[in-house]
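Let's take a friendly walk through this fold, one neighbourhood at a time. Keep the viewer open and follow along.

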Amino acid sequence: MTCVVIVGTQWGDEGKGKLVDFLTEDADLVARYQGGNNAGHTVKFEDKSCILHLIPSGILRNKMSVIGNGTVVDPSALLQEFEELKELDISVEENLKISETAHLIMPYHRVFDQLREKAKGDNKIGTTGRGIGPAYTDKVARSGIRFTDLRSADHLRARLEALIPEKNCLMKYFFQSPVQFSIDQIVEEYLGYYEQFKSYLCDSSLLINQAIDNNQNVLFEGAQGTFLDVDHGTYPFVTSSNTMAGGVCAGCGVGPVKIDKIIGIVKAYTTRVGSGPFPTELLDETGRLLRKEGSEFGATTGRPRRCGWFDAVLVRQAVRLNGITSLAITKLDVLDQLETIKIAVGYRTRNGQTLTELPPVYEKGMVPIYEEHPGWQCSTKDITEYDKLPEALISYLNRISELVGAPVSLVSVGPKREETIVCDPKQIWA
Ligand code: IMP
């Protein structure tokens, strides 16, 4: 039995969906512990392609898939995901379970997310506009609605009667919008969802802990990335949940001592979508090449991703914050053509100071200190064995491992399941 956490080490989009799908072959249960349908996990298998937003990637291999209590669920978006999976002949009925205490994204959350972003103008976060932030805000303010609140119409109505006047007041007087939320409409819509979801609801902490007690392999699938974590990310340009490995404990109701392995997913370069600091961002031809070769467009919103060189300072911090036991390095094939490849090993501030850690407040004018490595300039696409990888690529991997302080367990050279090389199986399932 092993409990493995998969966590993004940068700003999300590191290729977690593909790796989770690959590792799920040996898992018995896969669980999401945070986030919502802001995530977009792209998985390519056989001749099919699928983007999952909330359902754990384990569903594609008929494994028990659990949406944990730490997530926020938009019921209408989840039903749409059911439909998309049905088109691929994948049924969710037998293998999906949803925490009865997961919080719901309500219609006003989506509206507030979009209105708040608009009001911020140039200072906007660049959210996905899915209502994630406002749903977590209500959770912490003890004003959230959970699946359990849909059990009784009277109870749901009473909760909404206490909440909606404040929301409508904000709409009218702060946002100066003519839109008002109707309690009747929301009650009707969400009671309808309850009927559609009630057979999936469960005490997900109990289910997961039973799997652990029964010596099953459990995989926790992180969404977004370490630097979008609300506590440790580049605040305020973050998402509203604890994306890091520590989020598993609260977001799935699992004790920290149960976790055996934490695999950090690392893109061989860096990308970010939305606003916020990005020291190694490339606004030149190389940045455009990375975007093109890596198809760097948001899986949820389609927005072009900002691209840049690999930042070892960032990933070393992620190794420390998450307690990462090994790295899975993805999208190496995207670098195939490059003559030279840079790695940031520190930053220089405007007043000439050298920094070896990402500061809590990003300083304008801070520039990366790079070291340069030779590229391998050949195709890695069809390579399936570690020893067959070009020497320059192996040196690049070794240097990353040395700089960030964790061994490499997996390497990915393309989006398909078979384009994955296991370097050290002991670092994955014990
Ligand atoms: P929110 O999660 O929609 O509130 O967005 C907050 C920030 O997180 C924005 O910069 C988004 O672009 C970013 N973000 C949210 N989900 C993802 C993801 O799955 N991948 C990459 N960035 C994300």
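## Helix α4 and what covers it

In this predicted model, helix α4 has the buried residues I132, G133, P134, A135, Y136 and D138. Their cover includes two strands, β6 (72–73) and β8 (103–104). Helices α3 and α5 are also among the elements that cover them.

Just after the helix, have a look at the backbone: α4 is followed by R142, and the phi of R142 is positive, near 65°.

## I145, on the way to α5

Carry on along the chain to I145, which sits in the loop between α4 (132–140) and α5. Is I145 buried or exposed? Its relative accessible area is 0%, so I145 is buried.

Leaving aside residues up to four places away in sequence, I145 touches A102, H103, L104, M106, Y108, L150, L156, R159, L160 and L163. For one of these, R159, the C-alpha atom is 7.9 Å from that of I145, with the two positions 14 residues apart in sequence terms.

## How α3 packs on α5

Helix α3 (residues 107–120) and α5 have their axes 12 Å apart and pack at an angle of about 25°. That angle makes α3 roughly parallel to α5. The crossing of α3 past α5 is left-handed.

Which residues meet here? From α3 come Y108, V111, F112, L115 and R116, and from α5 come L160, L163, I164, K167, L170 and M171. Sorted by type, the contact of α3 with α5 has nine nonpolar residues, two charged ones and no polar ones.

## How α5 packs on α6

Now turn to the other partner in view. The axes of helix α5 (residues 153–174) and α6 come within 10 Å and cross at roughly 140°, which makes α5 oblique to α6. This crossing is right-handed.

On the α5 side, the contact is made by A153, L156, R157, L160, E161 and I164. On the α6 side, the residues are I183, D184, I186, V187, Y190 and L191. The contact of α5 with α6 divides into nine nonpolar residues, three charged and no polar. Note that L160 and I164 are listed for α5 here and also in the contact with α3.

## Aromatic pairs

How many aromatic pairs does a search of the whole structure find? The search turns up twelve. In one of them, the rings of F82 and F197 have centres 5.7 Å apart and planes at 70°, so this pair is edge-to-face. F82 lies in helix α2 (residues 75–87) and F197 in helix α6 (residues 183–197), so the pair ties together parts that are 115 residues apart in sequence. F82 is buried at 11% relative accessible area, and F197 is buried at 0%.

F174 and F175 form another edge-to-face aromatic pair, with 4.9 Å from centre to centre and 80° between the planes. These sequence neighbours contrast in accessibility: F174 counts as exposed at 57%, whereas F175 is buried at 16%. Both belong to one aromatic cluster together with Y108, F112 and F181.

## Loops worth a look

T301 is in the loop between α9 (285–293) and β13 (306–308). With 33% relative accessibility, T301 counts as partly exposed. Setting aside residues up to four places away in sequence, T301 touches T128 and R130. T301 and T128 are 173 residues apart in sequence, yet 6.6 Å apart in space from C-alpha to C-alpha.

A few backbone details round off the tour. Where is P236 found? P236 is in the loop between β10 (218–221) and α8 (247–252), and the peptide bond from Y235 to P236 is cis, with omega near 5°. D13, in the loop between β1 (3–8) and α1 (16–23), has a positive phi of about 60° although it is not a glycine. D13 is partly exposed, with a relative accessible area of 22%. K331 is another residue other than glycine with a positive phi, near 60°, and K331 lies in the loop between β15 (326–330) and β16 (340–348).

How values were computed. Residues numbered from 1 in each chain as written. Predicted model: local features only at pLDDT ≥ 70, side-chain atom pairs only at ≥ 80, totals over all residues. Heavy atoms only, no water. Phe/Tyr/Trp six-rings, centres within 6.5 Å; stacked < 30°, edge-to-face > 60°. Helix = DSSP H or I, 4+ residues; strand = E, 2+ residues; numbered from the N terminus. Buried < 20%, exposed > 50% of the residue type's maximum accessible area, 1.4 Å probe, protein only. Axes fitted to C-alpha atoms, helices over the stretch in contact; angles between N-to-C directions. Parallel < 35°, antiparallel > 145°, perpendicular 65-115°, else oblique. Left-handed = near helix turned anticlockwise from the far one by under 90°. Contact = heavy atoms within 4.5 Å. Nonpolar A, V, L, I, M, F, W, Y, C, P; charged D, E, K, R; others polar.
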